[in-house]
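Got your viewer open? Load the model and follow along, one selection at a time.

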Amino acid sequence: MTDLAVRAAAQGPDPSVEALLATWLPTRRWYPGRGEVHAEPWLAVTFDPGDDGETTTGPDGETLEATSADVVLLLTRLEGDALPGGAVTVQVPLVLSDPAAPGPGYIDTVATSSGDVAVHDGGAHPVCWLTLARAMGIEGPATTLTDRGRVLAGEQSNTSVILPGVPSAGGAGGMLKILRTVADGPHPDVVVPQALTEDGWDGVPRFLGALEIETGDADGAVPVPVHLAIMSELVPHAVDGFELACDLASRGESFTAHATALGRLVAELHERMARVLPTGPPLDAAAFVAGLRGRAARAVADAPSLADHTGEIASLLDALEERLGALAEPVPTQRIHGDLHLGQTLFGDGAWKVLDFEGEPQRPVAERTRPDLPWRDVAGMLRSFDYAAAVGAAPDPATWQAEATGAFLTGYRSGRVPPSGMTDDTAELVLRALVLDKALYEVVYETHHRPQWLPIPLGAVDRVFTRPV
């Protein structure tokens, strides 16, 4: 079967479907709307019918007729003061079928102008999985592509589906990611893994395809690419990096060997990204430190527990500004992961892989892909060791965290040298400032959402001023 033709039209669903979604959407974990939100259907993406007689396999082994249901990817614009930038576009994949045989992801049956229709969440429906795979150009029998497919539980920003029957070079199958929040422009979780895969690097799950549509710019004149779904190779026998670290910590077992290997992997990631993706302008030291100062000031104002650290924060950032200003050569910037922590890694069959390059999905793509210093990724990873030690209830969390941190930095520094013009001491100061930046953000978050966890980032703030990272 050839690729499915994809059509995008500025139209909304039948009013009865729209009314159903108005009550259903706010119950979803991935729904970003909080408080007063206005939802406006913007674009409906539809597909040409597939081959007659095709069937898919449901999660419980049931046979579903692929051509007896319509797949619609509804892009809905949300507007509200609580949303980032005041507006966000979400994707609602729907499967509409005969109400006599509702399938997986069934929401409800509604009466439309053309008759009763069963409405399903497409993220849970094999017919939607098949349609997205076909639209990406992925070949294979329909029953094979959807056989043993299952949705990963617990995701908060996207919907991921394990599809063991999707063909891949390693034979492991595919992982379908349906993006729930979409933005104009090439998606970083397409651009980066695709470039790294084409470069032959196996430190990321192999990129297999993506569904891209074109919409107009603000004036509707210039085509703008928008990615809606991504397929990558499934990592077999893999465990989430944070879960693995917490498990080892809970048993008092060292993470150092894993941390060293992970440090080497991140160093190689940065080397590859600098080589295969456009580099950025030289670091604007004044703007860089000003950004750190601004975020620190907001954190201190928002978290009373930070009041005693005001002078120490200012002194560290003063020293950083002076050190960066005295460099003889400009410091290069590059594309980085942008949201790196243990939960963005997998360990399977003796090797680590890095994933999820999208950053914060509700931020503009331009912000998420802005070139930066690789040390920001390092700081994010180091902070997650602290949380793993605490969540895993390590018998001696301070020692466990310190050993994992030292091992990671040893691995990372074995594969990377400080940027041109930056001495080891300056690189150390930059890293301390970025660890502080991340810890201050965590203090504010825990203050408002999980006050019982507040000691974790507060301890990190203390350490920044008492010993090297």
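**From a buried helix to the salt bridges**

Start by selecting Gln-401, which sits in helix α11, residues 397-415. This is a predicted model, so keep that in mind as you click around. Is Gln-401 buried or exposed? With a relative accessibility of 6%, Gln-401 counts as buried. Now show what surrounds Gln-401: beyond the four places on either side in sequence, its contacts are Phe-385, Asp-386, Ala-389, Arg-463 and Arg-467. Add Ala-388 too; its C-alpha lies 8.1 Å from that of Gln-401, though 13 residues separate them along the chain.

Next, pick helix α10, residues 375-391. Of its 17 residues, 14 are buried, so the rest of the structure largely encloses α10. Try a distance between the end C-alpha atoms: you should get 25 Å, in agreement with the 24 Å expected for 17 residues at 1.5 Å each. Step just past α10 and you'll hit Ala-393, with a positive phi of about 55°.

Now for the salt bridges, 22 in the structure. Select Arg-293 and Asp-318: their closest N and O atoms are 2.7 Å apart. Arg-293 is in helix α7 and Asp-318 in helix α8, so this pair ties together parts 25 residues apart in sequence. Keep Arg-293 and add Glu-321, which also forms a salt bridge with Arg-293, at 2.9 Å from N to O.

Move on to Glu-428 and Arg-413, bridged at 3.2 Å. They link helix α12 to helix α11. Glu-428 is buried at 18%, while Arg-413 is partly exposed at 40%.

Last stop: select Lys-177, Asp-189, Asp-356 and Glu-358, which form a salt-bridge network.

Notes
Residues numbered from 1 in each chain as written. Predicted model: local features only at pLDDT ≥ 70, side-chain atom pairs only at ≥ 80, totals over all residues. Heavy atoms only, no water. Helix = DSSP H or I, 4+ residues; strand = E, 2+ residues; numbered from the N terminus. Expected span 1.5 Å × (residues − 1). Buried < 20%, exposed > 50% of the residue type's maximum accessible area, 1.4 Å probe, protein only. Contact = heavy atoms within 4.5 Å. Salt bridge = Lys/Arg side-chain N within 4 Å of Asp/Glu carboxyl O.
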